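Visitor: I'd like to walk through this model with someone. Could you show it to me and take a few questions?

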Amino acid sequence: MANMHSFVLFHVNIAIEVNIGKLPTITVLNGTDVLLPCTFSSCMDYKGSSFWWTFQKNATLESENIIYIKLRDKRPDVNTFDSRVTLVGKIKDKNISLLLANADFEDTGLYTCFFRNPQEKNREVNATLRLIVTSELVEADNTLTKIILSVVGGLIGLLILIFIIKKLVMFIIKQVGKKKKECLVNSCANTECGHYGSKTDLKTPPKA
């Protein structure tokens, strides 16, 4: 009878991703410098990988490259297509963040960070953030926060007041109880406990 062989196949989940942080939208003042954050991760070696950023005025227009980075033995070969763009992230730290200097209104749009790894069958991933360049920063509306803080503060104040009233009432009750006790003691001393002024002292002395 032929020997039966069993084969176990293992599925390897290869993870590759880029991350632009928790804020998908960045708002800056006109004329200021802005950091465009992006980090990458891979479960395998990223030797020979490629990274690049693109810019789109909006989602309907064609994108244009603003920087391209090619790793050669993990040493980055950087080509920039905008003199105001600088790679400030370190590839060895898996960081490909950019610094955009002197942002103006024309820089408002979508910035996409790309990562392609030949060690993972040339898989490619990307993430997009939106940059808004404005003439003034609008202060966030904290009305709801202020209302919540006011309500919480009021509740805490009410609890403190209730605690003080409770302590005051307990003190008054204690003082009233002490007064009643003193009154009973004094009454006993002046009537039936054999002291001066008691009924035994008021009896008529026996006749001779």
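The questions below go from confidence to the core and then to the largest pocket.

Visitor: What does the protein chain average in pLDDT?
Guide: Keep in mind that this is a predicted model. Of its residues, 74% score at least 70. Over the whole protein chain, the average pLDDT is 81.

Visitor: Over residues 1-13 and residues 194-202 the pLDDT is below 50, so how many contacts does each stretch have beyond near neighbours in sequence?
Guide: Where pLDDT is low, the predicted coordinates should not be read in detail. With that caution, residues 194-202 have ten such contacts in the model. For residues 1-13, the number is zero.

Visitor: Which strand supplies the largest share of the largest nonpolar core?
Guide: This core has 31 residues, and Trp53 and Tyr111 touch the most other members. Tyr111 is in contact with Trp53 itself, and its other partners beyond four places in sequence include Leu36, Ile66, Leu100 and Leu131. Several strands each supply at least two core residues, among them strand 5 (50-56) and strand 10 (109-117). The largest share, five residues, comes from strand 11.

Visitor: Which strand gives the most to the lining of the largest pocket?
Guide: The largest pocket holds about 160 Å³ of space. Among its 13 lining residues, Phe55, Glu64, Asp82, Arg84 and Asp107 are the closest to the centre. The most lining residues from one element, three, come from strand 6 (residues 64-72).

Visitor: How many residues of that lining are charged?
Guide: The lining of the largest pocket includes six nonpolar residues and one polar residue. The number of charged residues is six.

Note on methods: Residues are numbered from 1 along each chain as its sequence is written. This is a predicted model: local features need pLDDT of at least 70, side-chain atom pairs count only at pLDDT 80 or more; totals for chains, interfaces and linings use all residues. Side-chain values use heavy atoms; hydrogens and water are left out. On a 1 Å grid over the protein atoms alone, a cavity is a set of points where a 1.4 Å probe fits but cannot get out, and a pocket is an open set with protein on both sides within 12 Å along at least five of seven lines; lining residues have an atom within 4 Å of a point. Grid points are joined across faces, edges and corners, and a volume is the space filled by probe spheres set on the points. Helices (H or I, at least four residues) and strands (E, at least two) are DSSP runs, numbered from the N terminus. Ala, Val, Leu, Ile, Met, Phe, Trp, Tyr, Cys and Pro count as nonpolar, Asp, Glu, Lys and Arg as charged, and the others, Gly among them, as polar. pLDDT is the predictor's confidence in each residue, from 0 to 100. Contact means heavy atoms within 4.5 Å. A nonpolar core is a set of buried Ala, Val, Leu, Ile, Met, Phe, Trp, Tyr and Cys residues joined through side-chain atoms within 4.5 Å. Buried means under 20% relative accessible area, exposed over 50%, partly exposed in between (1.4 Å probe, protein chains only).
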